[in-house]
Amino acid sequence: MPAKTPSWLSSVVGLRCPRCRKGKLFVQPNPYNIKQITEMPSKCPCCGQDFVIEPGFYFGATYVSYALNIAWLVPLFFLINFILDLPYRTFVITMFVLIPILIPLISRLSRALWLGAFVKFDQEVSAKVEKQVRTKS
């Protein structure tokens with residue numbers, strides 16, 4: 001019985017290649033290794049998908065990163081200021097504590113989302129990669 005193919009969302013969250021959904025997108029698994037936070041191999045180690053589609057390709061990921069930051073900051077603002085009725089400075093302090101913690105994660109996630117928007121899943125390539133993995137083990 002063939003293994004179940006990971007969903008698009010699980011491949012993005014798992015930081016996997018969008019084409020085969022198996023290969024790792026980043027060289028360093030630890031997002032808090034600041035020197036290698038965005039270092040990616042030039043190609044997928046499993047299927048050979050080019051991760052550097054064109055020069056400056058990942059510039060668009062900054063817009064995704066901005067949207068992801070807004071997506072958690074706005075609810076946080078409403079939670080602290082209107083639901084919990086805490087002073088505004090509580091929001092500012094919480095924001096300044098959480099932003100450095102979340103930046104490495106959001107940076108990687110935005111790159112995965114950006115690449116996933118342009119590279120489509122290929123069932124044949126995924127099956128070939130899965131077959132190669134099974135023959136190696």
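The buried residues of helix H3 pack against H1 and H2 in this predicted model. Quite a few side chains are involved: Phe-91, Met-95, Pro-104, Ile-106, Ser-107, Arg-108, Ser-110, Arg-111, Ala-112, Leu-115 and Gly-116 are the buried members of H3. The list mixes residue types, with the arginines Arg-108 and Arg-111 on it as well as Leu-115 and Ile-106. H3 itself covers residues 88-118, and it doesn't run straight. A kink of about 45° sits at Leu-102, shortly before the proline Pro-104, and Pro-104 is itself one of the buried residues of the helix.

Phe-91 gives a good view of how H3 meets H2. This residue belongs to H3 and has a relative accessibility of 7%, so Phe-91 falls under the 20% cut-off and counts as buried. Leaving aside residues up to four places away in sequence, Phe-91 touches Leu-73, Leu-76, Phe-77, Ile-80 and Asn-81. H2 spans residues 61-83. With Phe-77, the C-alpha atoms lie 6.2 Å apart, although 14 residues separate the pair along the chain.

Asn-81 shows that contact from the other side. It's a residue of H2, and its relative accessible area of 13% is under 20%, which means that Asn-81 is buried too. Again without counting residues up to four places away, its partners are Leu-86, Pro-87, Tyr-88 and Phe-91.

Between H2 and H3 comes a loop, and Asp-85 is found there. Its phi is near 55°, a positive value in a residue that isn't glycine. Asp-85 has a relative accessible area of 62%, so it passes the 50% mark and counts as exposed. Leu-15 is another non-glycine residue with a positive phi, also near 55°. Leu-15 sits in the loop that joins helix H1 (8-13) to H2.

Further along the chain is helix H4, made up of residues 123-136, and Ser-126 is part of it. Ser-126 is buried because its relative accessibility is 3%, under the 20% limit. Its contacts, once residues up to four places away are set aside, are Thr-5, Cys-20, Lys-22 and Phe-121.

Now for the chain as a whole. It contains 4 helices and 0 strands, and reading along the sequence gives the pattern α-α-α-α. The radius of gyration is 18 Å, while a compact globule of 137 residues would come out near 14 Å. Taken along the principal axes, the C-alpha atoms fill a box of roughly 60 × 35 × 25 Å. Among contacts with a separation of 6 or more, 61% link residues 24 or more positions apart.

As for burial, 32% of the 137 residues count as buried. The accessible surface of the chain adds up to about 8900 Å², and carbon and sulfur atoms hold 66% of that area. The chain carries 16 positive and 7 negative charges, and the mean positions of these two sets are 6 Å apart.

Key
Residues are numbered from 1 along each chain as its sequence is written. This is a predicted model: local features need pLDDT of at least 70, side-chain atom pairs count only at pLDDT 80 or more; totals for chains, interfaces and linings use all residues. Side-chain values use heavy atoms; hydrogens and water are left out. Helices (H or I, at least four residues) and strands (E, at least two) are DSSP runs, numbered from the N terminus. Buried means under 20% relative accessible area, exposed over 50%, partly exposed in between (1.4 Å probe, protein chains only). Contact means heavy atoms within 4.5 Å. The radius of gyration is taken over C-alpha atoms; the globule rule is 2.2 Å times the number of residues to the power 0.38. Accessible areas come from the Shrake-Rupley method with a 1.4 Å probe; for residues, only the protein chains shown count as cover. Lys and Arg count as positive and Asp and Glu as negative; His and the chain ends are not counted. The place of a charge is taken as NZ of Lys, CZ of Arg, CG of Asp or CD of Glu. The bend at a residue is the angle between axes fitted to the seven residues ending there and the seven starting there.
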